[in-house]
Number of protein chains: 2
Amino acid sequence: MTKPRSRRGGGRPTIADVARKAGVGAITVSRALREPGRVSEDLRRLIQAAVDELGYLPDPNARALASARAEVFGVLVPSLTNSVFAEVLRGIYDSLSDSSYRIQLGNTHYSGLEEERLLQVFGPQRPAALIVAGIDQTPISRRLLETAGCPVVQVMETGPDPVDMMVGFSHFDGGKVATEHMIEMGYRRIGFIGARMDPRSQRRLAGYRAAMEAAGLFDARLITTTPVPSSVTLGRELFRDALAKVPTLDGVFCNNDDIALGVLFECHRASIAVPKTIGITGFNDLDMMEVAFPSVTSIRTPRYEIGRRSVAMALAAIAGKRPQEPVVDLGFELKRRESTAR
Amino acid sequence: MTKPRSRRGGGRPTIADVARKAGVGAITVSRALREPGRVSEDLRRLIQAAVDELGYLPDPNARALASARAEVFGVLVPSLTNSVFAEVLRGIYDSLSDSSYRIQLGNTHYSGLEEERLLQVFGPQRPAALIVAGIDQTPISRRLLETAGCPVVQVMETGPDPVDMMVGFSHFDGGKVATEHMIEMGYRRIGFIGARMDPRSQRRLAGYRAAMEAAGLFDARLITTTPVPSSVTLGRELFRDALAKVPTLDGVFCNNDDIALGVLFECHRASIAVPKTIGITGFNDLDMMEVAFPSVTSIRTPRYEIGRRSVAMALAAIAGKRPQEPVVDLGFELKRRESTAR
DNA sequence: CAATGTCATGGTAGCGCTACCATCCACCTC
DNA sequence: GAGGTGGATGGTAGCGCTACCATGACATTG
């Protein structure tokens, strides 16, 4: 009789304990838990009773090792505090919360290099799926995604060349629609104010430019940007800069709602009438834009829905039901409000 | 010669491949990677070369199984979109990003039951540490934390009875200081407006009440709360309710900055002078409070720092250097601004 | 100089689970 | 009734790593 090594794990029940108690083989317990349909009703009940009595919970690490597949969704976002990504994350989380998948978080800090590093780290774990923000991966990241051996969903944007699947909308169109709206409302010297200027911001700017050029209103001096991370404070400062540069400014399309809010507050402070003297349009349509005074026109983006849909597509792919159309455009909606109601 | 089973894992190099290439035992490779000090300089170099050449990355699942310890920090927060917790999460993430620890996220949705469920799920994974928001765990959750067999840090609040360690501040004191400030500034009919009313909100309310009672100003009708999740929109509505209930209201202490912003916007809309007719104090001091017009008095809370410190304490405990004082109070700071400058 | 300690290294035996294949037992089919 | 078929169940052999113990070389001690 060999003395069994004292359990490293501190005495939690294992599948063997359950099998012994239920009087079946360990593999049958494993099956009863993962594919109940393949185990007879009687044994299933017996096994369930043993599981309940022992309080057995499968060890996900052992599972992952044996099956070469971890029940983990790797999620890469460029920021944790930007509420846009927080809502995508919430959508992902909510869609996954009644499955046994766990979420492993990666924050790329808007850095391609950091994204590469994280994908490198996520790989050996054999995640069940990867959800990454953006479509501008570096060649190395792209190859890591292609060889990850699991479904990949790029989110926030749509584009012509998905690694695997995509859910998002067109930021170019968003910028264009927002700008066209302001032109339509009678604004002429419409500035673009943007911070961070990540690829999505760049495309919104391109949309702005397209609309301005089409109307014969484009002027490079109307554009005020900075690579500095976006904030309400920065919105105020950039707006001051823009106004100093172009005193005839009569409107601004803001790269996002934080910036728009900064502009709005600065208008209050400087007693600039909104929407009469200056019109303001934001991007994303955060909750508060509707409540602001005056309420702020914005492009409503389907952040939560993007998160949900990305998980739905990944789960379908895991189940072998790859969607017909790998690129899903969820669109956006222009919310016309007081800040552009001249 | 037995045919080796085709690698389940899809041909990634294993520690045995590295060992073979370097001409050493597998265990020495393992040591060179985890405790380099215990392997001679020469072998270390040899092994590193083999690792680089093969592109070897250790399998975290196998590691976790063999060592009965996953390099995972379990993080439980009540909300992903509330920017307060997003910043705590960012602090945790940043402090962990140059270690090999991964983050596994759990969203309790402010539910004790969900917290229990998540702890149950996290347990079998043998996380290296658990960071949980709040100090009001259910008895079941508390026992799960106590028996988790890893360092536990409760964050956001301080209290007398930590499961293991705590980092936070006193919400009671925060509410009290905010209210005392308003009293000092000459406000008398100071309302309390709060949404969600989770335990931390309750304690802020208690602090408000203590201050009001001490000044002989307390009146239950001044309190307007709802269990509904907090938002800027809700701030506006609760403020309208409060004003309808108590037309003589001359100030409000808001449970958080979202609410305060809603109140501010409503004051703009209804042409109520701030700070003259109504004073406003928020809680948390989000970036935008300083930029708002008028700028909004708030209690600055050390969210990011709480995240960082919680990780530092957990890492210290993992390394066997448990901190002298298990409860760390990071305090808060009253930011006096225009919204209460009567 | 034997006894003891220390250090670097390696071999063995799992960690708890599942893939793979074998077995067994109905239940058909001709 | 021989042979085939399919579904339920089990045994064996790992998955890739590390804990534990053993070994051998050398230094240290009295």
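Visitor: How many residues does each chain bring to the contact between chain A and chain B?
Guide: Chain B brings 46 residues and chain A brings 46 residues. Two residues are in contact if their C-beta atoms, placed from the backbone, lie within 7 Å. This is a predicted model: local features need pLDDT of at least 70, side-chain atom pairs count only at pLDDT 80 or more, and totals for chains, interfaces and linings use all residues. Residues are numbered from 1 along each chain as its sequence is written; chains are lettered from A and ligands numbered from 1 in the order in which they are written.

Visitor: Which helix supplies the largest share of chain B's side?
Guide: α5(B), with six residues. A helix here is a DSSP run of H or I, at least four residues; a strand is a run of E, at least two; both are numbered from the N terminus.

Visitor: What relates chain B to chain A?
Guide: A turn of 180 degrees with a shift of 0.0 Å along the axis lays chain B on chain A, with an RMSD of 0.1 Å. The fit is by least squares on C-alpha atoms of residues with pLDDT of at least 70 in both copies. That is therefore the relation of a two-fold axis.

Visitor: How do you know that the copies meet through the same surface?
Guide: 100% of chain B's interface residues are also interface residues in chain A, so the surface is the same.

Visitor: What makes β8(B) and β9(B) a pair?
Guide: Pairing needs at least two DSSP bridges. Three bridges join β8(B) to β9(B), so they pair, and they run parallel. V252(B) stands opposite I280(B) in β9(B).

Visitor: Why are β7(B) and β9(B) at the edges of their sheet?
Guide: The order is β7-β6-β8-β9 in chain B. β7(B) and β9(B) each have a single partner strand, so one side of each lacks a neighbour in the sheet.
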